[in-house]
Protein chains: 4
Amino acid sequence: MAEMKTHIAGWDPQSITIRGRDLVNELMGKHSFTEMLYFLICDRMPTAEQTRVLDACLVTLMEHGWTPTSLIARLALDSVPNQIQVGIAAGLLAVGDVFVGTMEGCGRLLLDGVARSDRETYCREVVQAHRVARKPMPGFGHPFHKPDDPRPPRLFTIAEENGLSGDYIALLKQIGTELDRAAGKHLTINATGAIAALLLEIGIPPDIMRGIAVVSRAGGLTGHLVEEQRTHAARAIWQLTEEHIPYEDPPTHQKKK
Amino acid sequence: MAEMKTHIAGWDPQSITIRGRDLVNELMGKHSFTEMLYFLICDRMPTAEQTRVLDACLVTLMEHGWTPTSLIARLALDSVPNQIQVGIAAGLLAVGDVFVGTMEGCGRLLLDGVARSDRETYCREVVQAHRVARKPMPGFGHPFHKPDDPRPPRLFTIAEENGLSGDYIALLKQIGTELDRAAGKHLTINATGAIAALLLEIGIPPDIMRGIAVVSRAGGLTGHLVEEQRTHAARAIWQLTEEHIPYEDPPTHQKKK
Amino acid sequence: MAEMKTHIAGWDPQSITIRGRDLVNELMGKHSFTEMLYFLICDRMPTAEQTRVLDACLVTLMEHGWTPTSLIARLALDSVPNQIQVGIAAGLLAVGDVFVGTMEGCGRLLLDGVARSDRETYCREVVQAHRVARKPMPGFGHPFHKPDDPRPPRLFTIAEENGLSGDYIALLKQIGTELDRAAGKHLTINATGAIAALLLEIGIPPDIMRGIAVVSRAGGLTGHLVEEQRTHAARAIWQLTEEHIPYEDPPTHQKKK
Amino acid sequence: MAEMKTHIAGWDPQSITIRGRDLVNELMGKHSFTEMLYFLICDRMPTAEQTRVLDACLVTLMEHGWTPTSLIARLALDSVPNQIQVGIAAGLLAVGDVFVGTMEGCGRLLLDGVARSDRETYCREVVQAHRVARKPMPGFGHPFHKPDDPRPPRLFTIAEENGLSGDYIALLKQIGTELDRAAGKHLTINATGAIAALLLEIGIPPDIMRGIAVVSRAGGLTGHLVEEQRTHAARAIWQLTEEHIPYEDPPTHQKKK
């Protein structure tokens, strides 16, 4: 086997080292969880401004009430009540292509576009390509929040206040303008789109963006499980399903007998 | 079905409400992820001191290099490379009884003990009961960090500095003294034991403690997957296993032919 | 590292060997999945009678309509539609202590009891111990199937017809009689209890019984996902939950403002 | 909510109905697990020939020794030893795009091709398209089994013997011939390619093929966990990784201090 190293963490009986820093003396009590998360992903400590932006992204994604993730986490906890990690992990499996995948899709568009000299042309091409393929533009549109998702404007303000509103946020807005023009109607920038832009501004690449959503949602699901331990909503969800989606013999059954 | 409510989060087209607060105007940009995590678990915002203690606990548990969780996360990512959440969730399933379960076990002992009037008797009884049953005392001992786990003293200092070193930490130390006396040798308080005490000091009950470890480790695993995307250590782990644990016909095979 | 081997499977460029048999020439086309499952667990091929009993157990557990496992599998598929394995695996996580754990609990009671010389005394002691501790007797009782679960009598008949109704099934019935006597009312033997007895009759120990349920349920969930791909019930389950378990500000909210 | 039904399973206190059949009287003891699996997926019972082909596919995929799935399952069991379903489910998450996804990709190619009038042209186009895009042809090639995967010929024979070697198998072989011609060298049909063809022959569509692999592998992983309960290979795998992929400070560390 070719020689291979890990640069994440090592230990000896007296100490633990994380990316070259002594856990006990240099990290614990000196850095927040959010700073450490950035450190582990980007291999450098964030500035105070980057930390505020990352915190805003994490806080935005933590909780949205009933979602597939929270339904799954509660149903799983009900079956394995002493294994909280199973409830959380089962829920996190649904932080997937449909609900969060658009974040990395949007991030990749922005990364490509910012590398281009003529952004106006890029916006037109990208919007046109998605319209021709009848594919939704990642980072735009929301099933419930209409006409506008309330989170992106606040996220842009936070980036602005921290001196981190740069090319990626500008391009996202520019795509939005072009998208509205081409469609002849308004489509909101959504939270995952805005977060993709903010994460790029602080140096977190598309390939790992979904990890940020997963960490954030792990926190939200922990809150759901606290409530589930008291209310046992899982049993109600099960009963609702039994009542509202009842069994019926398959239409093919008669023929087969 | 009996009427049931959720108190976690709701939304309307213009806003999202989390535990009675407006996400956009009261939470985003105003609270860190760690504060929000506490808020979702405890239904109140933490003080600055509580936040620092919770951050210290989260930072302590994030990363310990090669562990079953990080091995699993990397192996899973290798098989489903576009589904980062699958890698993280697979790894989190192993944040279980063996490695983190002792946190809640220790937390329950401390909760019981602090409710007792005579703590000295309690320590003797608890230590004696575990010795008779030949069960390890949760929160004590460590396979690698000997004679002492370096993290607990630092955690105790952080609690002290924030005015949050109370009965639970005191009792944990008292049990440690009694344990050493009864065994005639020194057994270290370990990180999960110390964290159990700190979490109790800030009002997080044993039943949900494992959730804190899961959130923290989700952050650590995100860092592992960043490295895995570059190094593909999973393939090396697989190859090492093939080479060092080779196949051999079962001993029963000869007889059966 | 101490030398270690695996006795499960190996390969070379021309062949694959499973537990000493050549996959291509000795197993494929010659043995059913059920026989192979037994072979992998017990390290010997089953007799035709053992295969029929194992098939009956697998068929019994495959499907029970809406359960936490099927709800979770469908919700997860909805979020990660191209990753069928994620839907199935998420659902399988709920094949846990509450719904299937009783199988191994019952299996252990039967294993202990059959080793005892005086089974009548054993039945009295076991029933008494569970009554005193107010713990449900594993393998007995069913929330919906009252007064009797319809599956155990059929399972016992299948075992009988295959000459495999031995001490474990006899003891399970004997415990049932004693349980009814002590309680002064009838409590049904349930499917997991009966299956525990049948699996013991064919040599599958309690420690791995849950694996049988997992394999069986993996088949059932595959059927659910076929339907889900057409009907998108997950979206309906989500909507039902939104409507019937609405958000309300936490009662503590007023005080905190 | 629009009215919705499920056609999979229902129950009343006295009976359980699965796709219109009475579980106790029509299914248990009368059908094998493999037949039931087909019934749940295809909504009709298989013929004896179809059952033999499905059994052959299931047996082929059960076990391949050390793979990411078996490594993960064992590592997870080590952390949550009493939750066998967690070990199996964690492993199954890796039955994903890299190792099994090619089955559905190959299945879709075959489905498209058989619908075409001119199969020779289709083969040329498909092979050409993959070569131009430098994408591997799904269902062809194997990292270890060279020059030929030993399983496909046996699978084709089994299909032939059961009168189920039709257009899909023929087309797969035809693509293989064209692929070799275009590449000027031989590339093996692999097991997932052959199984894709056999599953199409018995009426199982590409969208659910991965489910067959998941069920099969669930059986294989159960066997791994039986061995793991005895040998604790997970600990050895962990130790091997510690030794062979050691920690080293990140190269960036010096600059940052």
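Superposition of chain A on chain B gives an RMSD of 0.0 Å, with a turn of 180° and a shift of 0.0 Å along the axis; the fit is by least squares on the C-alpha atoms of residues with pLDDT of at least 70 in both copies. The two copies are thus related as by a two-fold rotation axis. Within chain A, Ala89(A) has the C-alpha nearest the axis, at 2.3 Å from it. Of the interface residues of chain A, 100% are also interface residues in chain B, so the copies meet through the same surface.

The structure is a predicted model, in which local features need pLDDT of at least 70 and side-chain atom pairs count only at pLDDT 80 or more, whereas totals for chains, interfaces and linings use all residues; side-chain values use heavy atoms, without hydrogens and water. Residues are numbered from 1 along each chain as its sequence is written, while chains are lettered from A and ligands numbered from 1 in the order in which they are written.

Chain C and chain B were examined as a further pair. Contact (heavy atoms within 4.5 Å) involves 36 residues of chain C and 36 residues of chain B. The buried area, that is, the accessible area (1.4 Å probe) that two parts lose on being put together, summed over both, is about 2800 Å² for chain C and chain B, with 57% of it on carbon and sulfur atoms. Two salt bridges (a side-chain nitrogen of Lys or Arg within 4 Å of a carboxyl oxygen of Asp or Glu) are counted between chain C and chain B. Lys5(C) and Glu248(B) form a salt bridge in which the closest N and O atoms are 3.9 Å apart. On the side of chain C that touches chain B, two or more residues each come from strand S1 (9-12), strand S2 (15-18), helix H5 (84-92), helix H12 (233-244) and helix H13 (253-256) of chain C; helices (H or I, at least four residues) and strands (E, at least two) are DSSP runs, numbered from the N terminus. S1(C) supplies the largest share of this side, three residues.

With a disulfide defined as a pair of cysteine sulfur atoms within 2.5 Å, the count over all chains is zero. For Cys123(A), the closest cysteine sulfur is that of Cys106(A), 11 Å away and too far for a bond. Cys123(A) is buried (under 20% relative accessible area, exposed being over 50% and partly exposed in between; 1.4 Å probe, protein chains only), at 2% relative accessibility. Cys42(B) is likewise in no disulfide, the nearest cysteine sulfur being that of Cys57(B) at 12 Å. Cys42(B) counts as buried at 13% relative accessibility.
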